[in-house]
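Subject: Structure handover

Hello,

Here is the structure I said I would pass on. My notes on it follow below.

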Amino acid sequence: MALFRARAFLCRGFSTFASHPTHICVVGSGPAGFYTAEKLLKALPNAQVDIIDRLPTPFGLVRSGVAPDHPETKIVVNQFARVAQHQRCSFFGNIKLGSSISLLDLRELYHAVVLAYGAESDRTLKIPGEDLSGIHSAREFVWWYNGHPDCRNLNPDLKAADTAVILGQGNVALDVARILLRPTSELATTDIASHALEALQESSIRKVFLVGRRGPVQAACTAKELREVLGIKDLHIHIQEADLLKSPTDEEEVKNSRIQRRVYELLAKAAASGPPHSGTGLRELHFVFFRKPEKFLSSEDKKDQVAGVRFEKTVLEGSSPGKQIARGTREFEDLDCQMVLKSIGYKSVPIDGLPFDHQKGIVPNVRGRVVRNTSGDAIQLEEGLYVCGWLKRGPTGIIATNLYCAEETVASICEDLDKRASGFSFSSSAKPGREGLVRALDDQNVKVVPFSAWEKIDSVEKRLGSLKNKPREKLTTWEELLKVAME
């Protein structure tokens with residue numbers, strides 16, 4: 001059986017107490033986790049690094065967040081796989097921090113613990129009607145079409161909707177719009193989850209509104225993502241000419257930022273272009289600026305179903321480029337729709353025993369070192385506890401951003417280990433590390449999915465995908481994933 005009781009891991013590595021290796025645990029196997037592990041293995045020749053993840057599948061948002069029609073972005077998993085196969089590294093899947101094992105226990109077992117588990121929740125708008133049926137977070141929708149087992153049963157009703165509103169204009173919002181509007185014949189050869197492809201093939205959605213609080217100069221997307229959605233076949237782009245007018249502060253902002261300038265130019269060009277030739281299946285993408293949601297409107301027939309959004313018109317305040325904020329004007333308008341996707345930001349989840357800044361949604365830290373207490377002038381640090389990725393800096397940046405983030409955290413770990421070694425403190429004392437983790441998981445009767453079991457899942461998905469001319473056919477339920485891992 002490939003789904004091991006944890007003791008099966010002990011054949012790998014070297015005797016903990018004989019050579020006193022440095023034991024480090026990385027929680028989270030997305031880009032931040034793997035970049036951290038890779039840099040630790042290079043920086044510390046005697047380090048034994050264990051990566052744990054609550055899912056049976058590694059790679060985090062590379063698997064469940066990157067759009068299925070962006071296969072080039074997913075190539076980085078080959079690099080991560082080499083890290084997991086390193087002789088001083090092990091992957092422990094199906095391990096949930098807080099239930100399979102506590103943070104306190106991990107800190108007892110390892111010289112250092114790095115938390116890199118990202119952001120698995122969502123910011124909320126806190127406006128009336130947010131709990132109506134038909135309103136989803138963009139994260140849930142992305143996890144649904146990418147086959148994340150937690151959102152397998154999301155089942156957004158695409159048949160009953162002809163209009164969808166997406167709140168937000170960042171790259172995730174554009175990904176979601178593109179998946180809703182792109183011809184399904186083009187998606188059919190990607191690794192999109194089969195349940196999502198079938199739903200999209202039967203979708204009635206013909207209009208998508210991308211709504212932002214500020215103007216086109218402040219749109220949070222990149223030119224690459226924008227160019228891609230603007231290039232969808234048989235898509236009519238709607239942008240109000242008046243929204244493209246720039247203030248002097250906008251002009252300064254565009255002048256100072258090549259990215260914002262390119263985004264603005266693409267939007268202006270799209271607004272000036274006429275509609276594509278008429279034909280069956282013509283779809284519309286509306287960019288709506290200077291609007292913030294006031295409340296969600298319910299259907300008269302079904303009181304628990306969303307039927308529209310009431311927006312407040314906004315104007316920009318502030319004369320500093322890059323720091324203009326949207327202020328409501330108390331003018332309102334309603335937009336009818338049957339589905340709303342909120343792309344307003346991911347949010348990290350706190351765990352027991354971990355300092356957490358609820359306002360910023362991050363763990364307070366100094367260069368990756370977790371801060372215990374910031375009251376008064378002196379900053380107190382949590383010894384041996386670190387963060388990386390979105391948990392450290394918030395949900396921003398691209399995959400490569402985590403590379404630099406990991407470099408900083410690993411540099412802090414190395415500095416601290418050197419200091420403690422010279423003081424004959426914790427790094428010179430033996431810690432049980434992997435052996436202790438294995439014993440603790442066995443005591444809890446936790447079934448571990450090692451990297452070799454993930455490779456079985458990977459192989460099955462690729463074989464099933466080859467039958468449909470897809471790179472892979474993802475297994476999308478916990479039961480399927482664990483069954484294959486056990487074979």
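A salt bridge here is a side-chain nitrogen of Lys or Arg within 4 Å of a carboxyl oxygen of Asp or Glu. The model is predicted, so please read what follows with that in mind.

Salt bridges

By that rule the count is 37 salt bridges. Glutamate 312 and lysine 292 form one of them, with an N to O distance of 4.0 Å between their side chains. This pair links distant parts of the chain, as glutamate 312 sits in strand β13 (residues 306-317) and lysine 292 in strand β12, 20 residues apart. Glutamate 312 counts as buried because its relative accessibility is 3%, and the cut-off for buried is under 20%.

Another salt bridge joins the side chains of aspartate 191 and lysine 474, also listed at 4.0 Å, N to O. Aspartate 191 lies in the loop between α8 (184-187) and α9 (194-201), and lysine 474 in the loop between α16 and α17 (478-486), so this pair ties together parts that are 283 residues apart in sequence. Both aspartate 191 and lysine 474 are buried.

Within helix α16, lysine 462 and aspartate 458 meet in a salt bridge of 3.4 Å, N to O. These two are 4 residues apart in α16, so about one helical turn separates them. How do they stand in terms of exposure? Lysine 462 is partly exposed, at 42% relative accessible area, whereas aspartate 458 is buried, at 15%. There is also a network: salt bridges with shared partners join Asp69, Asp175, Arg178, Arg182, Glu186, Glu225 and Glu228.

Pockets and cavities

The second largest pocket has a volume of about 510 Å³. It is lined by 21 residues, and those closest to its centre are Lys74, Val77, Asp458, Lys462 and Arg472. The salt-bridged pair in α16, lysine 462 and aspartate 458, is therefore part of this lining. Elements that give two or more residues to the lining are α3 (61-64), α4 (76-84) and α16 (451-466). Of these, α16 provides the largest share, 5 residues. By class, the lining has 10 nonpolar, 3 polar and 8 charged residues.

Which residues line the largest cavity? They are Leu55, Thr57, Pro58, Gly60, Arg63, Ser64, Asn146, His148 and Pro149. By class, that makes 3 nonpolar, 5 polar and 1 charged. The space in this cavity is about 70 Å³, and the count of cavities of 30 Å³ or more is 1.

Surface and backbone

Val366, Ile379 and Leu381 form a nonpolar patch on the surface, with about 230 Å² of accessible area together. Leucine 381 belongs to strand β19 (residues 380-387) and is partly exposed, at 36% relative accessibility.

Two residues other than glycine with a positive phi are worth listing. Aspartate 234 has phi near 55°; this residue is in the loop between α10 (223-230) and β10 (235-239) and is partly exposed, at 26%. Phenylalanine 290 also has phi near 55° and sits in the loop between β11 (283-288) and β12 (291-298), but phenylalanine 290 is buried, at 15%.

Last, cysteine 151 is in the loop between α6 (138-145) and β8 (163-167) and is buried, at 8% relative accessibility. From cysteine 151 to arginine 283 the C-alpha distance is 27 Å, with the two positions 132 residues apart in sequence.

Regards

Technical notes:
Residues numbered from 1 in each chain as written. Predicted model: local features only at pLDDT ≥ 70, side-chain atom pairs only at ≥ 80, totals over all residues. Heavy atoms only, no water. 1 Å grid on protein atoms, 1.4 Å probe; cavity = no way out; pocket = protein on both sides within 12 Å on 5 of 7 lines; lining within 4 Å. Points joined across faces, edges and corners; volume = space filled by probe spheres on them. Nonpolar A, V, L, I, M, F, W, Y, C, P; charged D, E, K, R; others polar. Patch = residues over 30% accessible without salt bridge, like charges linked within 9 Å, V, L, I, M, F, W, Y side chains within 5 Å. Areas by Shrake-Rupley, 256 points an atom, 1.4 Å probe, with all protein chains shown as cover. Buried < 20%, exposed > 50% of the residue type's maximum accessible area, 1.4 Å probe, protein only.
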